[in-house]
Amino acid sequence: MIPLSSPDITKKEQQAVLKVLQTSTLSLGPKLQEFEKRIAAFAERKYAVGVSSGTAALHLIAKAMGFQKGDEVITTPFSFIASSNCILYEGAKPVFVDIDEETLNIDVSQIERKITKKTKAILAVDVFGYPAKWEEILSLAKEYNLKVIEDSAESIGAFYHGKPCGSFGDAAIYSFYPNKQMTTGEGGMVLTDDKRIADAVNSMRNQGRKVKGSQWLEHVRLGYNYRLPEIESALGIVQLQRLSSLLQKRARVADVYTRMIGQIPGVFTSPHNTQGIKRSWFVYVATLSQDYTRKQRDAVIAAMGKQGIQCSTYFQTIHLQPFYRKAFGYKPGLFPIAESVSDRTIALPFFGNITEQQMQRVVKTLKRCLEKV
Ligand SMILES: *Cc1c(COP(=O)(O)O)cnc(C)c1O
């Protein structure tokens with residue numbers, strides 16, 4: 001079977017994890033501190049706070065920004081569900097804006113008309129590792145006095161106009177889930193230059209204890225257990241040290257896929273670097289032309305699966321998820337570009353160590369499956 005994704009773990013990571021296990025500090029220790037320091041430097045941020053997942057990172061940002069019932073946050077329907085759920089956690093309402101068909105990121109030209117008196121923030125996502133238009137988002141936010149949340153769960157190592165993704169919003173996140181460019185097993189990071197956000201997140205991840213000087217059983221605010229353990233942090237340090245090589249491998253795989261898939265009629269490739277944009281490759285997504293229906297796309301994915309090639313739909317739009325339809329009455333047709341793209345995308349097996357032979361098999365099988373549907 002050729003899997004959809006596969007983490008890239010070496011002896012170095014194994015040794016780093018084993019070393020932690022030989023100590024008596026398994027949580028809130030030196031590895032977490034070191035990992036945070038290194039990530040902050042990498043993302044050109046004053047503060048980085050390690051948490052148990054990217055979702056936890058988003059949740060704590062929503063809390064630190066004080067979202068509540070009646071507030072609105074503008075975001076994209078074409079993303080992993082956590083980027084919208086974090087708004088719901090605090091009782092605020094995600095207000096969706098359709099996407100740009102080329103980059104699959106939020107269409108900034110459509111944001112302004114969705115801003116109301118209730119709007120508190122814009123939460124944009126670097127979808128599949130392709131940077132959103134941060135300069136335009138930041139200037140809109142400034143004009144309307146909105147906060148900006150940068151969901152860079154899929155874009156660690158990407159650059160927009162010379163600055164790293166993760167460096168733009170009032171707060172940003174990375175995720176270290178196993179299918180991301182670098183992993184800690186489970187894990188996430190909050191990035192910010194705002195001390196108040198950093199301190200609030202730091203306290204809330206640790207049961208609401210004071211950042212400094214709290215007694216273990218003193219809790220100054222409502223908190224959670226969203227800590228990032230030492231084992232995960234040690235793994236993350238090594239993955240971060242290897243990140244540029246991990247990203248290089250992924251970029252090479254993407255180049256080969258684009259070359260091979262570019263030859264198949266009716267299939268569009270993923271966008272590569274352009275002026276001022278250096279993307280980081282999270283997944284490789286091929287998009288079928290409008291001649292294909294959702295049903296045919298699903299049939300292609302199923303047929304590939306039968307041949308031992310694991311593919312996936314990336315993404316199902318958030319507003320059409322069953323519980324969003326139920327809660328908000330969303331129906332198909334509201335965000336036509338996101339919906340159309342979502343019906344036609346196929347994520348192909350994608351990881352740094354995939355072989356050229358495996359890729360050839362993927363593309364050959366894709367071609368054959370497309371002819372049959
Ligand atoms: C992966 C991901 C998350 C959530 O990260 P987890 O670590 O899995 O909780 C959030 N947003 C986006 C866009 C993601 O891809």
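The exercises below, each with a worked solution, concern a predicted model.

**Exercise 1. The seven-stranded sheet**

Find the order of the strands in the open sheet of seven strands, and name its edge strands.

Solution.
- Step 1. Strands of a sheet pair through backbone hydrogen bonds, either parallel or antiparallel.
- Step 2. Going across this sheet, the order is S1-S9-S8-S5-S4-S2-S3, and the pairing is mixed.
- Step 3. Strand S1 (47-51) and strand S3 (93-96) each pair on one side only, which makes them the edge strands.
- Step 4. On average, neighbouring strands of the sheet are turned by 25 degrees against each other, direction ignored.
- Step 5. At the S3 edge, strand S2 (residues 72-75) runs parallel to S3, and four bridges join the two. Within S3, Phe96 is the bridge partner of Thr75.

**Exercise 2. Helices on the sheet**

Determine which strands are touched by helix H4 and which strands helix H5 lies across.

Solution.
- Step 1. Helix H4 covers residues 82-89 and packs on the sheet. The strands in contact with H4 are S2, S3, strand S4 (119-125) and strand S5 (147-151).
- Step 2. The direction of H4 makes about 140 degrees with that of S3.
- Step 3. Helix H5, residues 134-144, lies across S4 and S5. Relative to S5, H5 runs at about 155 degrees.

**Exercise 3. The ligand**

List the residues that come nearest to the ligand, and give the distances for Thr55, Glu154 and Ser175.

Solution.
- Step 1. There are 15 residues around the ligand, and Thr55, Asp151, Glu154, Ser175 and Lys180 come nearest.
- Step 2. In the side chain of Thr55, an N or O atom is 2.5 Å from an oxygen atom of the ligand.
- Step 3. For the side chain of Glu154, the distance from an N or O atom to a ligand oxygen atom is 2.5 Å.
- Step 4. For the side chain of Ser175, the corresponding distance to an oxygen atom of the ligand is 2.7 Å.
- Step 5. On its own the ligand has 380 Å² of accessible area, and the protein covers 93% of it.

**Exercise 4. Two packed helices**

Describe how helix H8 (residues 243-261) and helix H12 (residues 356-372) cross.

Solution.
- Step 1. Two packed helices are described by the angle between their axes and the distance between the axes.
- Step 2. The axes of H8 and H12 come within 10 Å, and the crossing angle is roughly 35 degrees.
- Step 3. The crossing of H8 and H12 is right-handed.
- Step 4. H8 contributes Val253, Val256, Tyr257, Met260 and Ile261, which meet Glu356, Met359, Gln360, Val362 and Val363 in H12.

**Exercise 5. Unusual backbone geometry**

Locate Phe315 and Leu104, and state what marks the backbone at Phe315 and at Leu104.

Solution.
- Step 1. Most residues other than glycine have a negative phi, and most peptide bonds are trans.
- Step 2. Between Tyr314 and Phe315 the peptide bond is cis, with omega at about -15 degrees. Phe315 belongs to the loop between helix H9 (294-306) and helix H10 (322-328).
- Step 3. Leu104 is not a glycine, yet its phi is positive, about 70 degrees. Leu104 sits in the loop between S3 and S4.

Technical notes: Residues numbered from 1 in each chain as written. Predicted model: local features only at pLDDT ≥ 70, side-chain atom pairs only at ≥ 80, totals over all residues. Heavy atoms only, no water. Pairing = 2+ DSSP bridges. Axes fitted to C-alpha atoms, helices over the stretch in contact; angles between N-to-C directions. Contact = heavy atoms within 4.5 Å. Near = heavy atom within 4 Å. Polar contact = N/O pair within 3.5 Å; in protein donor to acceptor, adjacent residues only side chain to side chain. Areas by Shrake-Rupley, 256 points an atom, 1.4 Å probe, with all protein chains shown as cover. Left-handed = near helix turned anticlockwise from the far one by under 90°.
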